[in-house]
Amino acid sequence: MSDSHQQNYQRFIDEVQVNRVMWGLRFGDEWVVCDSSEFEDTEVMPVWSTEAEAKVQCVDEWADYEPFEITLAEFLEIWVEDLSEDGVRIGPNWDEELDGIEVDVLELVKALA
C-alpha cells in the first residue's frame, strides 16, 4: 500500500468520524461498484469522505451518476450487513484513477469505531 493510499484512507476515517457522512455514486437505484484488483470475483464499492471528491468521478461511464450522501448511522445499521453478506469490499477515498486500498467492510467498521 502506497503512502498516499494510506493517507487517503486515514483522512477518510478522520473525516467520516467528524462529519458522520460518506458519499457514494448513485444513478437511480444503481450504485457504483468496481471489480476488485486484489481479489477474484469480488466487487468494491468506492466511497469518499467529501461530496466534492465523489463528484470528480462523475465522468465518462459514470457521467449520469451523482454523489449521494450515506450517513454513518445508515451505513452501520443497513449497509454493513448487506455489503458483508454480498462480499463487497469498500474503497475509501480512491483517487481520480480509482486507485486505492480495498477494505473489508467489518475492518472499516472497526476503524470508524
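# A tour from a buried glutamate to two lone cysteines

Select E102 and show its surroundings: beyond the residues within four places in sequence, E102 is in contact with S36, S37, E38, F39, V44, R89, I90 and W94. This is a predicted model, so treat each stop as a feature of a prediction.

**Stop 1: E102**

Stay on E102. The residue sits in the loop that runs between strand 6 (89-92) and helix 4 (105-112). Is E102 buried or exposed? E102 is buried, and it has no salt bridge. Now add R89 to the selection. R89 is the nearest side chain of opposite charge, at 4.3 Å. A salt bridge needs a side-chain nitrogen of Lys or Arg within 4 Å of a carboxyl oxygen, so this pair does not count as one.

What does the side chain of E102 meet instead? Select S36. The side chains of S36 and E102 are joined by a polar contact of 2.5 Å. Move to S37 and show its backbone. Here the backbone nitrogen lies 2.9 Å from a polar atom of the E102 side chain. Both serines also appear among the contacts of E102, along with E38 and F39.

**Stop 2: two positive phi angles**

Go to D41. Its loop lies between strand 3 (34-35) and strand 4 (43-47). Check the backbone: phi of D41 is near 55°, which is positive, and the residue is not glycine. D41 counts as exposed because its relative accessibility is 78%.

Next, select L98. This residue brings you back to the loop between strand 6 and helix 4, where E102 is also found. The phi angle of L98 is near 55°, again a positive value in a residue other than glycine. At 26% relative accessibility, L98 counts as partly exposed.

**Stop 3: the salt bridges**

How many salt bridges does a search of the whole structure find? The search finds 2. Begin with R11 and E15. Their closest N and O atoms are 3.4 Å apart, and the two residues form a salt bridge. Both belong to helix 1 (residues 3-19). They are 4 residues apart there, about one turn of the helix. R11 is partly exposed, at 29% relative accessible area. E15 is partly exposed too, with 22%.

Keep R11 selected and add E53. These two residues form a salt bridge, with closest N and O atoms 2.8 Å apart. E53 lies in helix 2 (residues 51-56) and R11 in helix 1, so the pair ties together parts that are 42 residues apart in sequence. E53 has a relative accessible area of 21%, so it is partly exposed. Show R11, E15 and E53 together: the three are linked in a network of salt bridges.

**Stop 4: C34 and C58**

Finish with the cysteines. How many disulfides are there? The count comes to 0. Select C34 and look for a partner. The closest cysteine sulfur is in C58, 12 Å from that of C34, which is too far for a bond. The cut-off for a disulfide is 2.5 Å between the sulfur atoms. Turn to C58: this cysteine is in no disulfide, and its nearest cysteine sulfur is that of C34, 12 Å away.

Are these cysteines buried or exposed? C34 counts as buried, at 13% relative accessibility. C58 also counts as buried, at 13%.

Definitions and conventions. Residues numbered from 1 in each chain as written. Predicted model: local features only at pLDDT ≥ 70, side-chain atom pairs only at ≥ 80, totals over all residues. Heavy atoms only, no water. Buried < 20%, exposed > 50% of the residue type's maximum accessible area, 1.4 Å probe, protein only. Lys, Arg positive; Asp, Glu negative; His and termini not counted. Polar contact = N/O pair within 3.5 Å; in protein donor to acceptor, adjacent residues only side chain to side chain. Contact = heavy atoms within 4.5 Å.
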